[in-house]
Amino acid sequence: GTLPSLMRERTVTARVSSAMRSVDTIRALLATDTLGLGRFKRDSTLLREIASVRDEVSILRGLMAQSHGTAGRMANDKAVTAALTSVEKELTRTIEDIKRDPVRYVRF
């Protein structure tokens, strides 16, 4: 019915907003020398947390590939699609860099 569809649409929109806020927080943390920002810390959990956000972005891109509901309408919004694609690539590169040089990112 209409109510479950409406709830699902709000969920997708909220998930996209939440994922993008997480990306912004990760960017801010990595741009400073602070030990933590929000739920993200410069410790052994950083790699796992970034991977989790990247996975969420990937899932959202998959949902947007579907052609129904809010996700389908958002898929037609080239700016949202491009932003999610760019963010996913950026997070993948960050993960690779952390694996190459963890001391640069993790503080003890």
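**Figure 1. Overall fold of the predicted model.** Among contacts in the protein between residues at least 6 apart in sequence, 61% join residues at least 24 apart. The model shown here and in the following views is predicted. Its secondary structure consists of five helices and two strands, arranged along the sequence in the pattern α-β-β-α-α-α-α. The protein has 108 residues, of which 30% count as buried. About 6700 Å² is exposed, and carbon and sulfur atoms supply 57% of this area.

**Figure 2. Helix 2 and its buried residues.** Helix 2 comprises 20 residues, from 46 to 65. At 1.5 Å a residue it should span 28 Å, and its end C-alpha atoms lie 29 Å apart, so the expected and modelled spans agree. The buried residues of this helix are Leu46, Ile50, Ala51, Val53, Val57, Leu60 and Met64. In an α-helix there are 3.6 residues a turn, so residues three or four places apart point the same way.

**Figure 3. A salt bridge within the helix 2 segment.** The side chains of Arg54 and Asp55 meet in a salt bridge, with an N to O distance of 3.6 Å. Arg54 has a relative accessibility of 22% and counts as partly exposed, because this value is not under the 20% required for a buried residue. Asp55, at 39% relative accessibility, is likewise classed as partly exposed.

**Figure 4. Surroundings of Arg42.** Arg42 is located in the loop between strand 2 (40-41) and helix 2. Arg42 is buried yet has no salt bridge; Asp33, the nearest side chain of opposite charge, is 5.2 Å away. A polar atom of the Arg42 side chain lies 2.9 Å from the backbone oxygen of Tyr105. Beyond its neighbours within four places in sequence, Arg42 is in contact with Leu29, Leu30, Thr32, Asp33, Thr34, Leu35, Arg104, Tyr105, Val106 and Arg107.

**Figure 5. Ser44 and Tyr105.** Ser44 is also found in the loop between strand 2 and helix 2. With a relative accessible area of 66%, Ser44 is exposed. Although Ser44 and Tyr105 are 61 residues apart along the chain, their C-alpha atoms are separated by 9.7 Å.

**Figure 6. Asp97 and its partner Arg104.** Asp97 belongs to helix 4 (residues 78-100). The relative accessible area of Asp97 is 15%, so this residue is buried. Its side chain meets that of Arg104 in a salt bridge, at 2.7 Å from N to O. When neighbours within four places in sequence are left aside, Asp97 is in contact with Arg104 and Tyr105.

**Figure 7. A salt bridge between helix 1 and helix 4.** Glu90 forms a salt bridge with Arg27, in which the closest N and O atoms are 2.7 Å apart. This pair links distant parts of the chain: Glu90 lies in helix 4 and Arg27 in helix 1 (residues 2-30), 63 residues apart. Glu90 is partly exposed, with a relative accessible area of 23%, and Arg27 also counts as partly exposed, at 36% relative accessibility. Together with Asp24, the residues Arg27 and Glu90 are linked in a network of salt bridges. The count of salt bridges comes to nine.

How values were computed:
Residues numbered from 1 in each chain as written. Predicted model: local features only at pLDDT ≥ 70, side-chain atom pairs only at ≥ 80, totals over all residues. Heavy atoms only, no water. Helix = DSSP H or I, 4+ residues; strand = E, 2+ residues; numbered from the N terminus. Buried < 20%, exposed > 50% of the residue type's maximum accessible area, 1.4 Å probe, protein only. Contact = heavy atoms within 4.5 Å. Areas by Shrake-Rupley, 256 points an atom, 1.4 Å probe, with all protein chains shown as cover. Expected span 1.5 Å × (residues − 1). Lys, Arg positive; Asp, Glu negative; His and termini not counted. Salt bridge = Lys/Arg side-chain N within 4 Å of Asp/Glu carboxyl O. Polar contact = N/O pair within 3.5 Å; in protein donor to acceptor, adjacent residues only side chain to side chain.
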